[in-house]
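Work through two short exercises on strand pairing and helix packing. Keep the sequence and the coordinates open beside you.

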Amino acid sequence: MLLTIENLHKSYVAGGIETAVLRGISLTLERGESLALMGESGSGKSTLLHLIAGLDVPKSGQITLDGQIMSEPSDSKRAERRRHLVGLIFQQFNLIPSLTVAANIAFQAQLAGRHDPVWCTQLATQMGLNAHLAKYPEALSGGQQQRVAIARALAAKPALVLADEPTGNLDEDTAQSVLALLLEITRETDTSVLMVTHSAVHARALDRQMTLRGGIIAQ
Amino acid sequence: MIWRPALRALLSHWWRNPLQLFTLLVGLALATALWSGVQAINAEARASYGVAADRVAQGQLDQIVAAQGQKLRVQDFAALRRAGWLVTPQIDGALVVAGQNFRILGIEPLTAPAVTASQNLQDLPLDQFFSTSGFALVASDLSEVATNLGMAFRIEPSLSSGTVLLDIGVAARLLDRGDTVDRLILLREQPQSRPPLSAIAPHLERIAARSSGDDIARLTDSFHLNLTAFGLLSFVVGLFIVYGAIGLAFEQRRAMFRTLRALGISLRTLIGLLMAELLIFASIAGLCGIALGYLIAAALLPDVAATLRGLYGADLAGTVQIRASWWLSGLGMAIGGTLIASAGALGRLARLPLMEAGTPQAWARASRRVMGWLCALGVLLLLIALGLSSTATGLVQGFILLGCLLVGAAFLLPWLLDRALAVMERISTAALPHWFWADSRSQVPGLSMALMALLLAIATNVGVSTMVSSFRLTFTGWLDQRLAAELYVTVESTEQAAQMRTLLDGRVEAVLPIMSAVVQLNEQAGEVFAIEDHATYRDNWPLLSQSPQVWDRLQTPGTALINEQLALRADLSVGDLVPGAQGQRILGIYSDYGNPAPQMMIGLAPFRALYPEVEAIRFGLRLPKSDIVNVTQLLTSRLSLPQGAIADQARIKALSLGIFEQTFTVTAALNILTLSVAGFSIMMSLLTLSQMRLPQLAPVWALGVTRAQLGRLELLRSMVLALCVTVLAIPLGLALSWALLAVVNVAAFGWQLPMFVFPMSYLILSGIAVCAAVIAAAWPALRLARTAPHQLLQVFSSGR
């Protein structure tokens with residue numbers, strides 16, 4: 001089992017009032033498996049993704065990724081595990097505006113000490129970015145930027161790709177092609193994918209679908 | 001090795017935003033330059049005082065000098081040595097050779113304790129030094145003209161500017177002193193059983209160890225404290241630029257920080273990397289600033305040397321040396337200042353919710369939130385300043401008052417501007433003016449640091465220029481009163497004085513003797529002067545307070561006038577007894593600018609009774625101005641008086657005013673530098689902010705306002721903001737000036753000055769400040785006017 005989540009709880013306190021966002025989530029994900037996470041806004045999808053990535057810590061419960069505990073309190077340890085195990089893709093791309101496309105793709109792999117120039121070039125080719133490697137993100141279209149973000153996420157050969165509405169900012173044609181590329185490469189590399197999406201069509205492209213409602217798994 | 005790519009990513013922001021990097025580095029370098037320049041001057045001055053005290057033993061050892069009107073001869077030196085007194089002679093005088101001024105200091109190396117103990121002079125070629133042809137040690141600044149002395153010489157960097165150290169015999173010959181010397185320095189250790197001075201040489205008197213020494217140290221410390229305060233102010237103004245640049249860069253990189261964290265960089269690593277980045281910049285800018293500071297110090301040091309010599313009689317070497325004390329302090333300030341300026345941004349980063357979307361506008365919003373707090377703190381500081389204005393007495397309290405006043409007003413500024421612009425926004429009904437005021441108001445938080453810097457710079461300019469101009473006006477008037485005599489003559493003996501009186505009989509209106517003696521007043525070395533009953537004094541002498549019939553009563557024994565310094569330090573007023581004197585009661589207090597020592601004036605007859613040994617050899621002559629040339633020629637031809645023995649009033653006034661002007665050259669230069677730094681701060685703030693302005697301006701452009709119009713409105717905005725700041729800076733500057741004149745000057749120099757206001761110069765300064773702001777805004781406005789339409793359109797695309 002690549003990912004195991006046990007009885008995960010998370011709440012936020014605002015104005016002295018505690019609001020539960022996740023209320024006892026448990027799930028598992030096999031190596032190479034892809035899972036679509038759906039649900040209404042505020043249902044806790046992104047929070048769950050952030051907790052799996054170790055960007056935040058749960059109130060209770062445990063997350064184990066590839067044998068490593070991602071819910072552990074040390075920020076440094078979570079950061080190190082995230083670096084090596086997780087590839088993150090955001091709706092807003094979140095590329096580093098001051099780095100070229102090539103440098104952005106190689107960036108996380110360099111951080112993880114796994115930079116493989118051949119693999120990076122191959123990813124860029126598959127993503128159709130070869131003509132843009134020397135450009136800065138601002139010169140690319142939204143679809144191109146998201147492809148750079150996918151390449152960056154995959155360049156470090158992570159065990160799990162966490163994608164938070166990766167097609168949310170793209171038109172339908174572009175979204176389809178970007179998603180197809182993501183799934184094609186993750187399948188080739190036996191990389192697991194957990195993707196938050198609002199689109200049932202996109203969700204069906206993944207191996208499994210799951211819906212969150214009010215902080216619990218509805219189906 | 002995760003730090004390497006992460007640091008590269010962080011640094012890539014600067015690579016892509018070179019203007020911002022330039023702002024940060026230049027701001028920090030300028031701040032460090034002004035600080036380290038001032039510190040270099042201070043370090044040089046302190047080293048010079050130390051050298052002077054150690055080497056020539058003038059500062060720390062007792063001296064024996066001739067009583068007024070008497071001579072100190074080589075025979076007196078021999079008699080004292082024979083009697084067991086351990087003394088060493090010195091000659092001190094000025095020599096002009098081929099148009100070059102030399103200060104000649106003659107010493108006797110075998111008996112001069114500090115000189116022979118000095119490391120540098122132990123290899124002194126004594127055979128050459130004692131030779132009749134002479135051997136000179138000359139100060140560094142004389143290296144190119146020392147050949148004019150016509151003797152072998154060696155450069156001695158530690159000597160004071162313009163000084164030539166010679167064997168006393170050679171010095172006596174050059175200065176034509178015959179067998180007289182100026183002073184005998186007493187060694188610290190003296191035999192117990194030696195006879196008293198009065199038994200060996202009753203015409204000589206002993207002056208306690210630098211009676212003026214403590215005074216000089218205190219006064220020069222005051223001067224250096226003033227300089228340091230200026231340096232610190234400039235540093236703070238520069239630091240505002242750094243704070244702005246760092247704050248903006250942090251906000252612009254918020255998304256990058258979030259991405260880096262998402263990609264596996266821990267918060268600790270990220271903060272560590274940012275600190276490393278800042279330390280790299282601080283070190284680079286600090287070193288550039290130190291180099292710049294060296295140049296500033298080298299440029300200003302001659303004026304500082306002239307000031308210290310003119311005002312306090314303290315000597316200073318004329319060249320700046322690279323001393324660890326000031327360059328380390330400069331580097332420390334650069335690094336410390338950067339860390340302080342970035343502390344807020346780093347703190348915000350540490351508390352930043354990891355996934356919160358960040359925009360540069362968040363920076364401005366955060367600034368708006370702190371505006372209220374700053375306003376409250378500003379009011380508190382101004383209240384403290386108000387309290388201190390009536391109670392502050394010492395120098396430290398004076399500077400606290402200045403600090404509270406300036407910082408309090410600066411903190412209040414954003415709130416005041418916000419309120420003023422809100423009023424304008426409310427009363428504007430047309431769309432574009434309404435938007436203009438609202439938009440200007442929204443710019444205040446982002447510009448607040450630069451505007452505060454401008455406020456401080458203008459207020460300092462107003463304050464210091466008011467102080468200097470008030471001083472100049474008072475000083476000029478005072479000189480006119482004090483230097484009432486048309487000619488001042490020094491003769492060599494009482495016989496020559498008698499000849500002069502005979503010669504001038506019927507040719508001049510009055511011959512007024514100027515006689516003085518060295519005395520202890522209020523436990524400090526001071527002087528007592530004799531004053532003849534004459535209309536010259538009755539009509540002109542500047543009295544600050546007086547008793548009735550002061551001039552009539554002054555000629556009776558037991559009465560005196562004292563200078564303001566003595567009155568302020570000993571807390572004396574009319575009717576009190578003069579402490580340390582022979583029971584004189586104070587009839588009046590006179591202003592005595594430029595003199596650090598206590599002084600007293602008594603009638604001529606009582607003076608002669610108290611000091612019979614003092615002979616009248618200096619005189620002030622009253623005569624019609626048209627006769628000055630004739631009388632001067634008569635005195636030089638008939639009495640063979642040298643040129644230097646006769647000084648006319650105009651020359652002395654010119655000399656005094658020259659010294660005065662030099663005194664404030666340094667403050668004027670620092671004023672201009674501070675204003676320049678503030679102008680630079682505005683330009684850089686506007687430039688960096690202009691990068692965030694597109695989302696605000698694009699909709700206005702889309703609604704029909706041309707880019708050129710937007711550019712012009714940007715210029716207008718800068719002009720309005722600068723004008724608002726100037727309007728607030730003038731009263732602040734006047735308050736600053738009052739504090740300088742009424743508190744700091746009294747504590748530092750011992751005299752109080754009346755304050756004058758100069759509306760025309762404030763108007764000119766306001767014009768300059770507004771022009772500077774418009775010039776600073778011109779580049780950003782031009783960039784805006786030339787912004788390509790596609791850049792503005794991008795604002796509406798989904799990418800943003």
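Two strands pair if DSSP finds at least two bridges between them. Helices (H or I, at least four residues) and strands (E, at least two) are DSSP runs, numbered from the N terminus. The model is predicted: local features need pLDDT of at least 70, side-chain atom pairs count only at pLDDT 80 or more, and totals for chains, interfaces and linings use all residues. Residues are numbered from 1 along each chain as its sequence is written, with chains lettered from A and ligands numbered from 1 in the order in which they are written.

**Exercise 1.** Place strand E11 of chain B in its sheet.

Step 1. Take E11 (residues 487-490) of chain B: three bridges join it to E20(B), and the two run antiparallel.
Step 2. Pick one residue pair: B:Val489 stands opposite B:Ile646 of E20(B).
Step 3. Extend to the open sheet of four strands in chain B, ordered E12-E19-E11-E20 with antiparallel pairing. E12 (510-514) and E20 (646-648) of chain B are the edge strands, each pairing on one side only.

**Exercise 2.** Classify the packing of H3(A) against H4(A).

Step 1. Get the angle between N-to-C directions (scale 0 to 180 degrees), using axes fitted to C-alpha atoms over the stretch in contact. For H3 (residues 101-111) and H4 (residues 117-126) of chain A, the angle is about 140° and the axes are 10 Å apart.
Step 2. Apply the classes: under 35 degrees is roughly parallel, over 145 roughly antiparallel, 65 to 115 roughly perpendicular, the rest oblique. H3(A) and H4(A) are therefore oblique to each other.
Step 3. List contacts (C-beta atoms, placed from the backbone, within 7 Å). A:Ile105, A:Ala106 and A:Ala109 of H3(A) meet A:Cys120, A:Leu123 and A:Ala124 of H4(A).

Note on methods. Contact = placed C-beta atoms within 7 Å.
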